[in-house]
Amino acid sequence: MAVANVTRPYPYAPGHLLRGPEDLVPPRHHHPAFYGSYDWHSSVHMHWLLVRLLRRFPDRVRTVEATAEAAGEAAGGAAEEVTEVLDRHLTAAHLAAEAGYLRANPSFERPYGWAWLLALTAECRALGPAGSRWADALEPAADAVEALLRDWLRRATYPVRHGVHTNSAFALGLILDSAATAGRAALAEPIEAAVLRWFGDDHDAPAHWEPSGQDFLSPSLTEAEAVCRVLPQADFATWLDGFLPGMGHGAPAPLLTPPVVSDPADPQIGHLVGLSLSRAAALRRLAAALPEGDPRAPVLAAAARDHLAAGLPHVVSGDFTGDHWLATFAALALDGPGGPDGVSTTTRGASGAS
């Protein structure tokens, strides 16, 4: 499904500002690497998903070096298709064009698409020698994202807290997970400073307002998830007491109950399917971030299971409205806190605890 998405040019929702009639060009003109999967950020994170699957499940998606005898012709063929698509898209020339576009349009995909670009770079690096050619090609775009991110963090007085793409906490958390593996370890310092500046004094989150009608992220849980990456464990437990009081007693209920999705095929209402999956990932991480024996941990873990069960049946529906993006969030929810195999490189505050 991911291969079909990233190679499907239409339908496409461009995020390009038209400055004149000369800008009425096909998406591939500006985005030779990320022209498919409905929009730029979905294309980036569906490429991430392909690399993630190659790394995490080599026994199911064989690398091109696997023999037909060992892998079976079907598996080997599938892997060859995956690597061929990645080789065709993630070239130095294509990524140089993407980097130039990012620098010329400094608010484009800020910060969600930026975060996924660094996550893709990290995933290619984590794959080892097999992914190094893609990671090397991505370097100019990753350089552009780092420069844009640093400039934005210097100027952003307030975070964006709502539950869609411009949410600040989700992007910064994803970058914290990816930065060191992507070769951008120095980004941790300004990001951690922004998280503490924006969220460190927050309390009494209005969780009873959630969800909004087109959220695919929880404003409360994404913020808590970002903070848990930064504060030492005991400090985070105390912060969570003030931010989401009563969590150990089953409150606030709106965050622990999967959302009702009346029409998964509606492009905006269908975001709520993704909310179930992103909440599952956040709830799992928060449960793991709490001290041993904390009564909130089993409550959060149970809610994570409920959200995962609610979201997974919709991931592969045959409807491009959801199929172009939901599988990425399913992978985040299934892999658990920080991702496996040491790819998460976050340190928690001054304690240096991983």
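This is a short tour of one cavity and of a helix pair beside it in the list of things to select.

Before you click, know that the model is predicted, with local features needing pLDDT of at least 70, side-chain atom pairs counting only at pLDDT 80 or more, and totals for chains, interfaces and linings using all residues. Residues are numbered from 1 along each chain as its sequence is written, and side-chain values use heavy atoms, leaving out hydrogens and water.

**Stop one: the cavity.** A cavity here is a set of points on a 1 Å grid over the protein atoms alone where a 1.4 Å probe fits but cannot get out. There are two cavities of 30 Å³ or more; we'll visit the second largest, at about 30 Å³ (the space filled by probe spheres set on the points, which are joined across faces, edges and corners). Select Val160, Arg161, Asn167, Ala169, Phe199, Pro219, Thr222 and Glu223, which line this cavity (lining means an atom within 4 Å of a point). Colour them by class and you get four nonpolar, two polar and two charged residues (Ala, Val, Leu, Ile, Met, Phe, Trp, Tyr, Cys and Pro are nonpolar, Asp, Glu, Lys and Arg charged, the others, Gly among them, polar).

**Stop two: H11.** Which helix gives the most to that lining? Select residues 219-228: helix H11 gives three residues (helices are DSSP runs of H or I, at least four residues, numbered from the N terminus).

**Stop three: H12.** Add residues 233-243, helix H12, whose axis lies 10 Å from that of H11, at an angle of about 160° (axes are lines fitted to C-alpha atoms over the stretch in contact, with angles from 0 to 180 degrees between N-to-C directions). That makes the pair roughly antiparallel (over 145 degrees). Now show Ser220, Glu223, Ala224, Val227 and Cys228 of H11 with Phe236, Trp239, Leu240 and Phe243 of H12, which make the contact (heavy atoms within 4.5 Å). These contact residues divide into seven nonpolar, one polar and one charged.

Methods
1 Å grid on protein atoms, 1.4 Å probe; cavity = no way out; pocket = protein on both sides within 12 Å on 5 of 7 lines; lining within 4 Å. Helix = DSSP H or I, 4+ residues; strand = E, 2+ residues; numbered from the N terminus. Parallel < 35°, antiparallel > 145°, perpendicular 65-115°, else oblique.
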